[in-house]
Amino acid sequence: QVQLTESGGGLVLAGGSLTLTCVASGDTFTSYIVGWFRQAPGKEREFLASVGWSGVSIDYVDSVQGRFFLSRDNAKKKVSLQMNSLIPQDTAAYYCAARPMGSSTNDYHYWGQGTQVTVSS
């Protein structure tokens with residue numbers, strides 16, 4: 001098992017930046033693919049990006065491609081999501097999650113508690 005803890009959320013003006021951090025504890029961190037998701041009030045949870053065990057293989061959803069950047073530090077068991085050019089529509093609770101290597105792309109077993117991002121216009 002792996003436990004995940006997010007941090008770095010907050011209130012930011014439109015056009016600003018935030019960096020969210022997900023720190024893992026427990027099982028071997030490199031055995032997991034880590035993803036970031038968000039959920040706005042009244043909306044379904046949305047996949048944003050994921051990073052493979054080495055940090056090289058990264059996928060982004062189109063809506064954040066070019067604005068959000070994912071990085072991974074296995075030595076620190078940390079995945080960071082740098083978010084730039086934020087817009088009010090980015091306001092949501094942001095979650096990191098982990099799934100075992102080789103599992104289905106939707107099969108995220110472990111979730112953090114979430115961190116709130118609010119973008120004001």
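Partly exposed, as the term is used for glutamate 46 below, refers to a relative accessible area between the limits for buried, under 20%, and exposed, over 50%.

**View 1. Arginine 38 and glutamate 46 form a salt bridge in this predicted model.** The closest N and O atoms of arginine 38 and glutamate 46 are 2.8 Å apart. Arginine 38 has a relative accessible area of 8% and is therefore buried, whereas glutamate 46, with a relative accessible area of 27%, is partly exposed.

**View 2. Arginine 38 also forms a salt bridge with aspartate 90.** In this pair, the closest N and O atoms are 2.8 Å apart. Because arginine 38 belongs to strand β4 (residues 32-39) and aspartate 90 to the loop between β8 (78-83) and β9 (92-100), the pair ties together parts that are 52 residues apart in sequence. Arginine 38 and aspartate 90 are both buried.

**View 3. Arginine 67 forms a salt bridge with aspartate 90.** The closest N and O atoms of arginine 67 and aspartate 90 are 2.8 Å apart. This pair links distant parts of the chain, with arginine 67 in the loop between β6 (58-60) and β7 (68-73) and aspartate 90 in the loop between β8 and β9, 23 residues apart. Both arginine 67 and aspartate 90 are buried.

**View 4. Salt bridges that share partners join Arg38, Glu46, Arg67 and Asp90 into one network.** The structure holds 3 salt bridges: arginine 38 pairs with glutamate 46 and with aspartate 90, while aspartate 90 pairs with arginine 67.

Notes:
Residues are numbered from 1 along each chain as its sequence is written. This is a predicted model: local features need pLDDT of at least 70, side-chain atom pairs count only at pLDDT 80 or more; totals for chains, interfaces and linings use all residues. Side-chain values use heavy atoms; hydrogens and water are left out. A salt bridge is a side-chain nitrogen of Lys or Arg within 4 Å of a carboxyl oxygen of Asp or Glu. Buried means under 20% relative accessible area, exposed over 50%, partly exposed in between (1.4 Å probe, protein chains only). Helices (H or I, at least four residues) and strands (E, at least two) are DSSP runs, numbered from the N terminus.
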